[in-house]
Amino acid sequence: MQKQKIGKIFIDRDLCIGAASCIAVLPDVFELDNENKAVVKNPAAADDETLLLAAQSCPTKAIIVYDEEGNQIYP
Ligand code: SF4
């Protein structure tokens with residue numbers, strides 16, 4: 001899984017409960033907007049492995065990760 005390059009991260013706003021675990025892992029990448037939903041601020045601020053860790057830290061699996069070909073890597 002670590003070998004795949006991340007192409008895109010998407011946050012499913014219906015799933016996000018504002019638990020902010022993603023922000024605890026990567027405060028430079030994610031932030032909460034005024035509706036208490038996570039948004040991707042700067043995906044380039046972390047390496048792929050840490051991005052994947054942040055996605056895995058989300059209790060509702062609201063962070064969807066795609067590789068460069070657009071295939072879903074996680075969850
Ligand atoms: S960890 Fe998941 S539920 Fe929590 S703020 Fe991030 S995306 Fe939303």
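**Around helix α2, the sheet and the ligand**

Let's start with helix α2, residues 48-57, where the buried positions are Leu51, Leu52, Ala54 and Ala55. Buried here means 20 or more other C-beta atoms within 10 Å of the residue's own, exposed means 12 or fewer, and partly exposed is in between, with C-beta atoms placed from the backbone. Helices are DSSP runs of H or I with at least four residues, strands are runs of E with at least two, and both are numbered from the N terminus. Those buried residues sit on the same side of α2 because they cover an arc of only 160 degrees around the axis, the arc being that of the directions from the helix axis to the C-beta atoms.

A word on provenance. This is a predicted model, in which local features need pLDDT of at least 70 and side-chain atom pairs count only at pLDDT 80 or more, while totals for chains, interfaces and linings use all residues. Residues are numbered from 1 along each chain as its sequence is written.

What packs over that side of α2? The cover includes β1 (6-11), α1 (21-25), β2 (30-32), β4 (63-67) and β5 (72-74), where contact means C-beta atoms, placed from the backbone, within 7 Å.

Three of these strands make an open, antiparallel sheet in the order β1-β4-β5. Its edges are β1 and β5, each pairing on one side only; pairing takes at least two DSSP bridges between two strands. On average, neighbouring strands are turned by 35 degrees against each other, direction ignored. Between β1 and β4 there are 5 bridges, and Ile6 stands opposite Asp67 in β4. Helix α2 lies across β1, β4 and β5, at about 145 degrees to β4. For such angles, axes are lines fitted to C-alpha atoms (for helices, over the stretch in contact), and values run from 0 to 180 degrees between N-to-C directions.

Now the ligand: 14 residues surround it, the closest being Cys16, Ala19, Cys22, Ala38 and Cys58.

The backbone has some oddities too. Most residues other than glycine have a negative phi, and most peptide bonds are trans. Ala20, in the loop between β1 and α1, has a positive phi of about 65 degrees. Lys61, in the loop between α2 and β4, has a positive phi as well, near 50 degrees. The Tyr74 to Pro75 peptide bond is cis, with omega near -5 degrees, and Pro75 belongs to the segment after β5.

Notes. Contact = placed C-beta atoms within 7 Å. Near = placed C-beta within 6 Å.
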